[in-house]
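This report examines the fold of one protein chain, from overall figures to individual residues. The sequence and coordinates follow.

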Amino acid sequence: MNLVNFKTLPLALSVITAVASSQASAGVEAAKAPVAVHKVDLQQVRNATVKITYGDTTFLIDPMLAKKGTYPGFENTYRSNLRNPLVDLTEPPAKIISGVDAVIVTHTHLDHWDDAAQKALPKDIPLFTQHEDDAKLIRSQGFKNVRVLTDEAEFGGVKLTKAGGQHGTDEMYAAPPLAKLLGEAMGVVFQAPGYKTLYLAGDTIWRKEVDQTIEKYGPEIIVLNAGKAKVNGFEGAIIMGEEDVLRASKAATNAKIVAVHMDAVNHMSLTREELRTYVHGHGIESRVDIPEDGASLEF
Ligand SMILES: [Zn+2]
């Protein structure tokens, strides 16, 4: 005689019923809109360096960790007499890299991947690059776990998808020495079940690839490098500026725009202060975050 089974059977049935009904109501919710039940954290470190956290997984993007004034200004760019970075970090590099599970280097320009970052990071940290050339360079710097984000990858429960762009105007890319200098850069889309989708556009101007990424993934958070960096002798900028922030707010009406990559390297022609004024002037202040260095945002 097995009394235990008789006793637990009604309980087991009620558990099954409860699970089934909660799944049914979750299904109705999901049909209305994808529900982001968990929070995405974003910390603006400095420049284009940000930390993005999905659950237990933290990505460090484009680490530039040198002290203020370590490097000369970028030659043949706006205000090249100034030394980079223009400002200090708000925390020591050791604090910034603590808890980081993987690094994403969108491209290897000094303001996205510098000597100080190479020195501070553990050589076995998982690191994603845009192509084999950057991977080769970073491996030559001693890193042992370097991957190429060719299309999609999964890391710590987060799906990463490479996004395209162009680090300057067509006119700039028609000038071979400058085209070589600007090179390629990538953006990344972050997705995880129960979390908002984040699109980090990287060092790009507004291009059809940006529209396509917004259309395809419907990001609810869009991180734009918005400092409007300029090179001498050319119209236009090599990354986004205030008009692109406005454009993003119109292209993705449900998204929060996070503007970074300002006030930290010499060739930026748009300050946070100027962007704030512009954003207020266009009445989109509720749509745009312009975090100070060290500040954290939750979505
Ligand atoms: Zn940059």
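Is D62 buried or exposed, and how many C-beta neighbours lie inside 10 Å of it? D62 counts as buried, because it has 28 C-beta neighbours inside that distance, and the cut-off for a buried residue is 20 or more. The model in which this count was made is a predicted one.

**Overall figures**

The mean pLDDT of the protein is 91, and 89% of its residues reach 70 or more. The pLDDT is below 50 over residues 1–32, a stretch that has two contacts in the model beyond near neighbours in sequence. Where pLDDT is low, the predicted coordinates should not be read in detail.

The protein has 299 residues, of which 41% count as buried. Its secondary structure consists of nine helices and 14 strands. When contacts between residues at least 6 apart in sequence are considered, 62% of them join residues at least 24 apart.

**The loop between strand 3 and helix 2**

Strand 3 (57–61) and helix 2 (93–97) are linked by a loop in which P85 lies. The peptide bond leading from N84 to P85 is cis, with omega near -15 degrees.

D62 belongs to the loop between strand 3 and helix 2, and its phi is positive, about 45 degrees, although D62 is not a glycine. N76 is also found in the loop between strand 3 and helix 2. The phi of N76 is near 60 degrees, again a positive value in a residue other than glycine. As for burial, N76 is partly exposed, because 14 other C-beta atoms lie within 10 Å, whereas D62 counts as buried.

**The seven-stranded sheet**

An open sheet of seven strands follows the order 7-8-9-10-11-12-13, with mixed pairing. Strand 7 (152–155) and strand 13 (288–289) form its edges; each has a single partner strand, so one side of each is left without a neighbour in the sheet.

The table lists pairings within this part of the structure, with one residue pair for each.

| Strands | Sense | Bridges | Residue pair |
|---|---|---|---|
| Strand 7 and strand 8 (158–163) | antiparallel | four | F155 and V158 |
| Strand 8 and strand 9 (187–191) | antiparallel | five | K159 and Q191 |
| Strand 10 (198–200) and strand 11 (221–225) | parallel | three | Y199 and I222 |
| Strand 11 and strand 12 (256–260) | parallel | five | L224 and A259 |

The hairpin of strand 7 and strand 8 has two residues between the strands, and G156 takes a positive phi near 55 degrees there.

The parallel pairs are accompanied by helices. Strand 10, helix 7 (residues 208–217) and strand 11 make a right-handed β-α-β unit. A right-handed β-α-β unit is also made by strand 11, helix 8 (residues 242–251) and strand 12.

**Strand 11 and the nonpolar core**

Why is strand 11 described as largely enclosed by the rest of the structure? Five of the five residues of strand 11 are buried, so the strand is largely enclosed. The side chains alternate in direction: I221, V223 and N225 point one way, I222 and L224 point the other way, and all are buried.

In soluble globular proteins, nonpolar side chains tend to be buried together. In this model, the largest nonpolar core has 74 residues, and the members that touch the most other members are I222, V223, L224, A226, V245, I257 and A259. Two of these members also face each other in the sheet, since L224 stands opposite A259 in strand 12. I222, in turn, is the residue that Y199 stands opposite.

Which residues does V223 contact, once neighbours within four places in sequence are left aside? V223 is in contact with V50, L198, L200, A201, V258 and V260.

Key
Residues numbered from 1 in each chain as written. Predicted model: local features only at pLDDT ≥ 70, side-chain atom pairs only at ≥ 80, totals over all residues. pLDDT = per-residue confidence, 0-100. Contact = placed C-beta atoms within 7 Å. Buried ≥ 20, exposed ≤ 12 C-beta atoms within 10 Å, placed from the backbone. Pairing = 2+ DSSP bridges. Right-handed = clockwise from strand over helix to strand, strands pointing away. Core = buried A, V, L, I, M, F, W, Y, C linked by C-beta atoms within 7 Å.
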